[in-house]
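Visitor: I would like to know how the labels on this model are earned. Can we go through them one by one?

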Amino acid sequence: MERIELDGFLQYRFLSGLKAAPAGKDLAFLCAQACREENAYRRDLWLLKEGETPLRLTGDGKVGAYLWEDAHTLLFTADRGDGKKEREAGEDYTAFYRLDTRGGEAVKAFSVPLSATPVAALGQGRTLLRADWDLRFSKAYRLQGRAREELLQARKEEQDYQVLDELPFYANGGGYRNKKRSALFLFEEGTGQLTRLTPETFDTASTRLSPDGTKLLYTGESFTGARKHREGIFLYDLAGKRTTTLLPARIYQVYDALWWGEKVLFLGTDCKRYGLNENAQFYTLDPATKEVSLLAPYEDAVGSSVGSDCRLGGGDEWTVSGDKLYFTATIRNASQVFCLEKTGDIRPVYTREGSVDCIALQGGALYFVGMQDMGLQEVYRWDGKERRQLTCLNQDVLREKYVARPEKLTFYNDGVDLDGWVLYPKDFDPQRSYPGILDIHGGPKTVYGEVFYHEMQFWASQGYVVFFCNPRGGDGRGNQFADLKGKYGTIDYSDLMAFTDAVLEKVPQLDKDRLYVTGGSYGGFMTNWIIGHTHRFRAAATQRSIANWVSFSLISDIGETFGPDQMGLGKGDDLWNSTERLWEHSPLKYLDQAVTPTLIIHSDEDYRCPLAEGYQIYSALRQRGVESRMVIFHGENHELSRSGKPLHRIRRLREITSWFQKHG
């Protein structure tokens, strides 16, 4: 068996965006792959026809978002070189292409003077679009002559400046968002007319077209100055051109709203029991009376939070079929599929280990992109009895490679049973001694599961025992288990240390004097916490981490809400009367006790855990005389390890591995 190589992920294919054709039998999905020469990812459309080999529809790697217009027609965005003149002039521009899946090449359908993606096909050449709208400059397309030129010139002049007068002012992966909104437009291909459907200051979240195509259900909120992060639900009548508020904003944290017969089904929470991380419940909303009713109390996590560094892009995690809602949920350490009936009953549909990353329904069967049996992503079909793998896009890349199978280790701490796993190194010899790496997940409300993780498999191929677990604060076991408010660095730290002890007992070949620790985001926070509370690890690598809850709460894109919430601040509390509590849970406070050689990995466009958090760890360790090294990745954000530029991902993994080897 060959080793998994550091740059092996360049050969992996990442599947996403699985969609079923309307009134047909076909499905389409996106397939992406890293390109070393371009230091980017190429993304193409693929087709699945019943009983046939999957067919690649595009080959230039330029596909963006797409949708089905009808049973045989795909509409998608792509950057194929046109629009250069408009972009040079400072204008927004998006080109749309149309492809008949029965044969032929994609042809340009139309373009719009907006940065837009397709949302729904309305028929008769009409398309619903979502556009990134700048309150200052996006209106340029509506102007003529001198007024247009002056606004575009003003936009160019502002490129060297960033003026802030809103909160939040940036978003990880989205750049500076000050004065920017997500807006809905109706585009009529015959006339080229664009009609805005949402108010000027409205920021759109989810959108759903009614089954008869006459009404649009969407969520979001209008704001000026500061966003409240509590979405409303709205109904737009396409014929009458009227908007009705079904549920005012500021009440619920709404994840999505879907058509549910004569009612609306929405996933949301009022956050009153467990704060911002509270799992969504299933509510019904009567459009006539605007009455909200709790249909199905649900303590588990809707959607998949099973971590991996082998995905790129998402897809639908819930969908309505008839009078049933099919949805993914994270259960313990796997994402599975369930069905919600109109009675409020919830029954399992597909419950195997691994992850279900996105779903689609066609012909009475469930189709999904998933990571199953320790393999990379493929498309599967489940008819209720048999699972059939429909693609083999990643099969050859792992053939003859050593893939360590996770060996589950259930352990107890404070009377709580907890899940962990051990990956044994390639050519494991029971008579030898091995170094080990504790890898800590992010979130904290995510989980590790029995899925392929490139970095861990690479380390196992390099001769490390890799071990990882799901401490309290993580997902998959209900709200109470996930509730870490005001407890950061306490029960979770205890769980991680108890797990390390359990692994040392289970694996006598693991050298307790050659242990290393790493993690990103929340895992970076815990790595920072660990080096300030124990000296048992020979070296550490902290990634995209939190150092100081006071600063984080003021500079993170989610800091204003997430920081105080997770620190357990009550009504009437704020940073100014709670700094001692925030400091108590800040790793920075304890770094005067640190001696562990530490590598700090951070990105300068990480707006979730901003660069200043990494600077504080590095400066503190240096001032205390602790061996440390900081590597900053330009142009990357919080997703470096998962969707960063291919060469940057290679450098990141090499830096961490070399740091551990140096301190071997």
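Visitor: What makes Gln 124 count as exposed?

Guide: This is a predicted model, and Gln 124 has a relative accessibility of 77%. Exposed means over 50%. The value passes the cut-off, so Gln 124 is exposed.

Visitor: Where does Gln 124 lie?

Guide: In the loop between β9 (116–123) and β10 (126–134). Its phi is near 55°, a positive value in a residue other than glycine.

Visitor: How do you know whether Asp 373 is buried or exposed?

Guide: Set the number against the limit. Asp 373 has 52% relative accessibility. Exposed begins over 50%, so Asp 373 counts as exposed. Its place is in the loop between β29 (365–371) and β30 (378–382). Asp 373 also has a positive phi, about 55°, although it is not a glycine.

Visitor: How many disulfides does the structure hold?

Guide: Zero. A disulfide needs two cysteine sulfur atoms within 2.5 Å. Take Cys 310: the closest cysteine sulfur, in Cys 31, is 13 Å away, so that pair is too far apart for a bond.

Visitor: And what is the nearest cysteine sulfur to that of Cys 469?

Guide: That of Cys 609, at 20 Å. The limit is 2.5 Å, so Cys 469 is in no disulfide.

Visitor: Why is Cys 310 called buried?

Guide: Buried means under 20% relative accessible area. Cys 310 has 1%, so the label holds. Cys 469 has 2% and is therefore buried by that rule.

Visitor: What is the strand order in the open sheet of four strands?

Guide: The order is β5-β6-β7-β8, with antiparallel pairing. The twist averages 25° from one strand to the next.

Visitor: Why do β5 and β8 stand at the edges?

Guide: β5 (63–70) and β8 (107–112) each have a single partner strand, so one side of each has no neighbour in the sheet.

Visitor: What makes β5 and β6 a pair?

Guide: Pairing takes at least two bridges. Five bridges join β5 to β6 (residues 73–78), so they pair. The two strands run antiparallel. Among the bridge partners, Tyr 66 is matched with Phe 76 in β6.

Visitor: Which residues does a cis peptide bond join?

Guide: One such bond joins Leu 167 and Pro 168, with omega about -10°. Pro 168 is in the loop between α2 (145–157) and β11 (170–171). Another joins Gly 443 and Pro 444, with omega about 5°. Pro 444 lies in the loop between β34 (434–440) and α3 (454–461).

Technical notes
Residues numbered from 1 in each chain as written. Predicted model: local features only at pLDDT ≥ 70, side-chain atom pairs only at ≥ 80, totals over all residues. Heavy atoms only, no water. Buried < 20%, exposed > 50% of the residue type's maximum accessible area, 1.4 Å probe, protein only. Axes fitted to C-alpha atoms, helices over the stretch in contact; angles between N-to-C directions.
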